[in-house]
Amino acid sequence: MRILFCGTAAAEGWPGLFCTCEPCDRALQLGGKNLRSRAAYMVDDRIRVDFGPDSYHHQQTYGLKYQDVEHLIVTHSHDDHWFPADLGYRRKGFSARLDRVLPVWGNSKVREKFVREHGEAWDDLGLDYRLLAPWDVADLGEGLTAVAVEAAHDPREECLNYLLRQNGSAALLGHDTGWYSEATWDRLQEHRLNLLVLDCTYGPRDQNKGHLGCSWVVKARDEFERRGILEPDCKTIATHFSHNGGLLHEELEALFAPDGIQVAYDGLAVEV
């Protein structure tokens, strides 16, 4: 499978909306990999992971064809990952009528947020909602499945990470989670990973509640390794960065280099 990191920032983006902090100013001046949109992925050009407020930007930047997307899987209901207002443009008059019904997978809060925006207009928008609970498995076609991993992010909802499996390979998209519960670690031990993606929202801050800091990314990778979850060829990639962490792309690369961890940037594509 091919995974495209469409966005690699936390909620505000980087530079942050309205922000004049020094890391935002530096990112704007330097450009390139320091400019980060809100986190989302494309898998093999047919699976979208999260649909936040930068989805239209991603379409233009990467030449995406959302009309050809076969499944949309959503991690949780926070605005930077789920912006259902834009799904209203699937209506006739805003776009040519789409023949394909788009399954949308997510938790109950994701569904509730859509209903607050559009009512029960699933059919009108050519959508089919499919409720997921932790450890459910979504069949995404072509031999690709997504295991809904219980994240440690917002206790007000069942936030999910997704473990994607296809043709004997597996990738865990682990953004928007802190340190996993022991029950989650135990369930993850049933799998073997070729790609591990970890949240790094806190940057150099020594925190692991709801998100991870740099030191905890290393500790998490080491815990996956200690439990025998990582295949020998497994890559570890840090993503979901906040300007509040302060470290720009090259600084993050320098910090993680001794531990062999790659730093994601908008537009990074990885084959698994």
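The structure, a predicted model, holds ten aromatic pairs, a pair being two rings of Phe, Tyr or Trp (its six-membered ring) with centres within 6.5 Å. Planes under 30 degrees apart count as stacked, over 60 as edge-to-face and the rest as tilted. In this predicted model, local features need pLDDT of at least 70 and side-chain atom pairs count only at pLDDT 80 or more, while totals for chains, interfaces and linings use all residues. Residues are numbered from 1 along each chain as its sequence is written, and side-chain values use heavy atoms, with hydrogens and water left out.

**First stop: Phe114, Trp122 and Tyr129**

Select Phe114 and Trp122, whose rings form a stacked pair, 3.8 Å centre to centre with 20 degrees between the planes. Next, add Tyr129: the centres of the Trp122 and Tyr129 rings are 5.3 Å apart and their planes stand at 45 degrees, so this pair is tilted. Phe114 and Trp122 are buried, as is Tyr129; buried means under 20% relative accessible area, exposed over 50% and partly exposed in between, for a 1.4 Å probe and protein chains only.

**Second stop: helix 3**

Now select residues 108-118, which make up helix 3. Helices (H or I, at least four residues) and strands (E, at least two) are DSSP runs, numbered from the N terminus. Val110, Lys113, Phe114 and His118 are the buried residues here. Seen down the helix axis, they fall within an arc of 110 degrees, so they line one face of helix 3; the arc is that of the directions from the helix axis to the C-beta atoms. Display strand 6 (127-131) as well, since the buried residues of helix 3 pack against this strand.

At the N-terminal end, Asn107 caps helix 3, with a side-chain oxygen 2.9 Å from the backbone nitrogen of Lys109. Just after the helix, Gly119 has a positive phi of about 65 degrees.

**Third stop: His71**

Move to His71 in strand 4 (residues 71-73). Why does His71 count as buried? Its relative accessibility is 9%. Among the residues in contact with His71 (heavy atoms within 4.5 Å), beyond its neighbours within four places in sequence, are Arg46, Leu102, Arg130 and Asp139.

**Last stop: a cluster and two lysines**

Select Trp179, Tyr180, Trp185, Trp216 and Phe224, which form one aromatic cluster. Lys219 lies over the face of Trp216, 3.9 Å from the ring centre. Finally, find Lys33, whose charged end sits over the ring of Tyr265 at 4.3 Å from its centre; this requires NZ of Lys or CZ of Arg within 6 Å of the ring centre and within 35 degrees of the ring normal.

Key. Polar contact = N/O pair within 3.5 Å; in protein donor to acceptor, adjacent residues only side chain to side chain.
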